[in-house]
Amino acid sequence: MNSKPPILYKSIENKTIYWKEESNKYIVLENATAAILQKISNNVSLKKIAEELALKLSLPEEDTFLFVKDVKEQLIGANTDKKSTQKNTKKQQKKPNTFEFTKLYKVNTIVFKVHFFSEYELFLVHPKFAHLEIKESEVTTTQFYVFTIDKKIYFYVDTKFIGSWDLTEVHFFQGKFSMELIQKIHQKEEDEWLGVFHASAVANNKKSILFLGDSGNGKSTSLALLQSNGFTCLADDFVPIDVHKKMVHSFPAAISIKKNSLDTLLPLFPELKTSAEYHFKRLNKIVRYLKPNNTNFLESLPCNDIVFIKYKKDSSLHFTKISKINAFQELVPDSWLSPIKKNASIFLEWFDTINCYTITYSNNNEMIAAVSKIFDNEL
């Protein structure tokens with residue numbers, strides 16, 4: 001007997017979301033197409049499906065057969081879309097005997113000792129975590145080693161080799177570094193995470209809201225503005241959610257502030273005036289880092305709301321609830337989502353409970369008032 005393929009279906013609004021384990025990809029389908037796909041997955045013959053479709057639609061059977069065959073080839077057929085492994089290779093390299101820089105970072109009571117081979121590796125990691133640096137510690141919880149040899153960056157945690165990446169793909173290394181960090185902070189292995197979202201998370205001690213949007217739309221600036229008005233920065237750019245409780249967990253990186261936001265934020269955070277400036281050529285942006293006001297990096301809070309936020313000069317406030325399907329299609333491409341079937345199912349169930357909004361604004365006070373209404377359930 002053939003076992004059912006590792007596939008999930010979830011109906012949301014008037015569409016069906018389809019997920020396949022081999023590729024860990026989510027595809028939004030019309031319900032009729034999803035129904036055909038489910039029959040194929042259940043080993044119903046293409047001929048029988050085509051006959052039923054021809055009868056239902058009053059179409060020639062040869063036409064419906066070609067359509068059903070195409071659905072199978074495109075969505076179930078040969079696995080040409082194998083899982084992305086984040087360009088991680090397992091070719092090990094012996095750790096160097098000496099490292100030019102060693103930094104100690106303290107997250108609550110946890111102390112990380114991170115060894116950087118040169119200034120290059122330091123630049124890839126340190127700016128986001130400089131506010132956590134301490135000068136000395138009698139106890140070290142764990143040690144990270146980062147070094148570059150022959151145009152590859154290598155990463156070890158204690159004695160365990162984590163992986164290596166081409167220097168053209170260092171953002172994959174940075175994501176893995178952050179993943180190892182949250183695993184140690186929150187004592188959860190990678191398979192215990194639902195996903196990590198390229199978003200900002202703001203909180204009010206009871207729950208959190210995720211801000212999403214394209215780079216330059218103002219996620220981090222909006223987060224900083226809310227931080228100056230009594231809300232808490234739970235995470236910026238790297239927002240992890242766990243499988244078991246579906247909570248947003250704190251991530252201790254600083255808030256990334258782009259140069260064009262300085263005029264807005266300097267009156268609120270004068271420390272930005274003298275903070276170091278970093279030029280990220282690959283991303284074509286110049287940023288400074290603002291220390292988050294979170295005092296408990298072990299915190300985790302529920303999330304019921306996602307906001308696609310955009311600052312637009314001279315715009316009046318536009319604050320509307322949007323389609324979950326549209327939000328899903330924006331959220332997923334920039335996210336790391338667990339490739340485990342059980343976790344993927346939990347993610348789809350969680351997402352179905354989320355409220356989705358857009359906020360476009362130019363007046364900071366109006367944006368803050370709109371976000372406050374979401375927190376206070378006044379919509």
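The following paragraphs describe strand β19, its partner strands and the second largest pocket in a predicted model.

Strand β19 covers residues 300-311, and its pairings offer a convenient starting point. On the parallel side of the account, strand β12, residues 208-212, is joined to β19 by five bridges. Within this pairing, leucine 212 has phenylalanine 308 of β19 as its bridge partner. Strand β22 also runs parallel to β19, and seven bridges join the two. Here phenylalanine 308 appears again, with threonine 358 of β22 as its bridge partner. Phenylalanine 308 is thus a bridge partner of leucine 212 and of threonine 358.

A further pairing has the opposite direction: strand β15, residues 247-249, runs antiparallel to β19 and is joined to it by three bridges. In this case methionine 247 is matched with proline 302 of β19.

The second largest pocket can now be placed against these strands. Its space amounts to about 250 Å³. The lining comprises 16 residues, and those closest to the pocket centre are Leu212, Gly213, Asp214, Phe308 and Glu330. Two of these names recall the strand pairing described above, in which leucine 212 and phenylalanine 308 are bridge partners. Two or more lining residues come from each of β19, α8 (324-331) and β22 (355-361). The parallel strands β19 and β22 therefore both contribute to the lining under that criterion.

In chemical terms, the lining of this pocket is mixed: six of its residues are nonpolar, six are polar and four are charged.

Notes:
Residues are numbered from 1 along each chain as its sequence is written. This is a predicted model: local features need pLDDT of at least 70, side-chain atom pairs count only at pLDDT 80 or more; totals for chains, interfaces and linings use all residues. Side-chain values use heavy atoms; hydrogens and water are left out. On a 1 Å grid over the protein atoms alone, a cavity is a set of points where a 1.4 Å probe fits but cannot get out, and a pocket is an open set with protein on both sides within 12 Å along at least five of seven lines; lining residues have an atom within 4 Å of a point. Grid points are joined across faces, edges and corners, and a volume is the space filled by probe spheres set on the points. Helices (H or I, at least four residues) and strands (E, at least two) are DSSP runs, numbered from the N terminus. Ala, Val, Leu, Ile, Met, Phe, Trp, Tyr, Cys and Pro count as nonpolar, Asp, Glu, Lys and Arg as charged, and the others, Gly among them, as polar. Two strands pair if DSSP finds at least two bridges between them.
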